[in-house]
Amino acid sequence: MLNALAGLVRRYSSPEFSVTHGGRVQTIAAGNYTVSGLSRHVRLGEFVAHKSATGIHLGEVVRVEQETVVVCPIEPGEPIGIHDTVIRKGAFRVAPTASWCGRTINALGEPIDGLGPLPQGEDRRSISNTAPPSMTRKRIEKGFSTGVRAIDIFAPLCLGQRLGIFAGSGVGKSTLLSMLARADAFDKVVIALVGERGREVREFIEDTLGENLAKSVAVVATSDESPMLRKMAPLTAVTIAEHYRDQGDNVLLIIDSVTRFAHAIREVATASGEPPIARGYPASVFTELPRLLERAGPGAEGAGTITAIISILVDGDNHNDPIADSTRGILDGHIVMERSLAEEGRYPPINPLASISRLARKAWTPDQEKLVSRLKSLIHRFEETRDLRLIGGYRPGGDPDLDMAIKQVPIIYDVLKQTPGEQPAADAFSDLAVALRNAAAQGAAPATRRG
């Protein structure tokens, strides 16, 4: 039996892993199985290889006990039998190269685009890496244009920033992400599509990325794949982004969505026996979220940056649910998309008053900062008097600020409207200034108004 086990190790060893000890399947349950003989040799998060009747299948160690370990299989429906052989494989690693650009892969780093084998680089990285030490990271200093006017004016971004897009289902966050993916400020783009509809993957990659496809890598785990693959996809994506960052590139990392990443962690943790602590989420969710998000950002001096744009699906349009609330405190800003604005036909449906960039002052000039403060004041005045104006309780001339808001805010709203088919805005402030000047010259605001 020892000779057979040694032969199995030699045959199925892979450069992605370090192979050492083996064990046997003891019990099988829905979503996991236990293995004896590995407790002293494995650690949480390491991978094992299970030899079944249909071949070799991977699993992740999710719990370690005195005599057994609990393993969650990577592939759904894997045939598992009592006393099957299980071998420790160690940390899962990927080996990205520049030739991965233009390719679509799964969470295991395997190509799914039908374009042939994926070349392997020399830099083998564990997908469970930690963030760089805080005092070794360079400061964030430089802003860039996203081409989306609502963001460039009210919540501008900087290279190395981490931004969250908070929205309910069907509000348009994936559409907004597709617009942001076209920004030309980056050397590489890495996209993690987590729990997405299978039919949308090709549409996003082929239609949205366009010319940027040649510098992009897409990591895909669709909604019908196992929770382990949905959990691994963002980790694989950020590991690829780290490789490019350390090569000196400015990388755009898009994760859609981190909520489905949290759901996958919850499924795995619940199957391993971890109790929930907040609305059904176990504690490990709130441990894994910062570990993932902190890996994005600026690198060490001389390295590049990872600018992360993360979508957060707010359950029931509740922007204070546990995942949204936890993520908001980690990120460097958030964009709030509201269903009511989408129902009015205003796209992207971004609320400029609720959206914040914590690094906006590094992107604005002093004059732009004063202008945005004034614009927000006018929008707030316009919105808070909506009901009063609808019932005819306001007479022009009584409040100069409100008079100005009534004239200018509808123009501002029209300028912020943008569809994915439009060309990215080269200078959002100039577009706004031109619209306001034209309206002033005509002596009337556009016919399309809110309230």
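This is a short talk on the domains, pockets and cavity of one predicted model.

Let's start with the layout. The domain assignment splits the chain into domain 1, residues 20–91, domain 2, residues 94–363, and domain 3, residues 367–439. I'll spend my time on domain 1 and domain 2.

Their C-alpha centres sit 30 Å apart. On the domain 1 side, 13 residues take part in the contact. Domain 2 brings eleven residues. How much area do domain 1 and domain 2 bury between them? The figure is about 930 Å². Carbon and sulfur atoms carry 68% of that.

Now for charge across that contact. Between domain 1 and domain 2 the count is one salt bridge. Compare that with the search of the whole structure, which finds 26 salt bridges. One of the pairs to look at is glutamate 60 with lysine 231. Their closest N and O atoms are 3.4 Å apart. Where do the two partners sit? Glutamate 60 is in strand S4, and lysine 231 is in helix H5. The pair therefore ties together parts that are 171 residues apart in sequence.

Keep those two residues in mind and turn to the pockets. The largest pocket holds about 590 Å³ of space. It has 28 lining residues. Which of them come closest to the centre? They are Leu44, Gly45, Glu60, Lys231 and Glu288. So here is our salt-bridge pair again: glutamate 60 and lysine 231.

Several elements build this wall. Strand S4, residues 55–64, gives two or more residues to the lining. Helix H5, residues 227–246, does as well. So do helix H6, residues 258–271, and helix H7. H7 gives the largest share, with five residues. Both domains contribute: domain 1 and domain 2 each put at least three residues into this lining. By class, the wall has twelve nonpolar, eight polar and eight charged residues.

On to the second largest pocket. Its volume is about 400 Å³. There are 20 residues in the lining. Nearest the centre are Ser174, Thr175, Glu196, Arg197 and Glu200. Three elements give two or more residues each: helix H3, at 173–180, strand S13, at 188–196, and helix H4, at 198–208. Which element gives the largest share? That is H4, with six residues. The classes here run to five nonpolar, seven polar and eight charged residues.

Next, the interior. How many cavities of 30 Å³ or more does a search of the whole structure find? One. The space inside is about 30 Å³. Val238, Leu253, Ile255, Leu292, Leu293, Ala296, Ala308 and Ile310 line this cavity. By class, that makes eight nonpolar residues, with no polar and no charged ones. Strand S15, at 250–256, supplies at least two of the lining residues. Helix H7, at 283–293, does too, and so does strand S19, at 305–313. Note that H7 turns up twice in this talk. It helps line the largest cavity, and it also helps line the largest pocket.

Last, some backbone details worth checking on the screen. Look at the step from aspartate 256 to serine 257. A cis peptide bond joins these two residues, with omega of about 5 degrees. Where is serine 257? It is in the loop between S15 and H6. Both of those elements have come up already: S15 with the cavity, and H6 with the largest pocket.

A cis peptide bond also joins tyrosine 347 and proline 348. Omega there is about -10 degrees. Proline 348 lies in the loop between helix H9, residues 339–343, and strand S21, residues 356–357.

Then there is histidine 83. Its phi is near 75 degrees, a positive value in a residue other than glycine. You'll find histidine 83 in the loop between strand S5, residues 68–73, and strand S6, residues 85–90.

To wrap up, go back to the pair we met earlier. Lysine 231 and glutamate 60 meet through their side chains in a salt bridge. Both residues are among the closest to the centre of the largest pocket. That pocket draws on both domain 1 and domain 2 for its lining. If you rotate the model, start there.

How values were computed:
Residues are numbered from 1 along each chain as its sequence is written. This is a predicted model: local features need pLDDT of at least 70, side-chain atom pairs count only at pLDDT 80 or more; totals for chains, interfaces and linings use all residues. Side-chain values use heavy atoms; hydrogens and water are left out. On a 1 Å grid over the protein atoms alone, a cavity is a set of points where a 1.4 Å probe fits but cannot get out, and a pocket is an open set with protein on both sides within 12 Å along at least five of seven lines; lining residues have an atom within 4 Å of a point. Grid points are joined across faces, edges and corners, and a volume is the space filled by probe spheres set on the points. Helices (H or I, at least four residues) and strands (E, at least two) are DSSP runs, numbered from the N terminus. Ala, Val, Leu, Ile, Met, Phe, Trp, Tyr, Cys and Pro count as nonpolar, Asp, Glu, Lys and Arg as charged, and the others, Gly among them, as polar. Domain bounds come from an automatic or database domain assignment. Contact means heavy atoms within 4.5 Å. Buried area is the accessible area (1.4 Å probe) that two parts lose on being put together, summed over both. A salt bridge is a side-chain nitrogen of Lys or Arg within 4 Å of a carboxyl oxygen of Asp or Glu.
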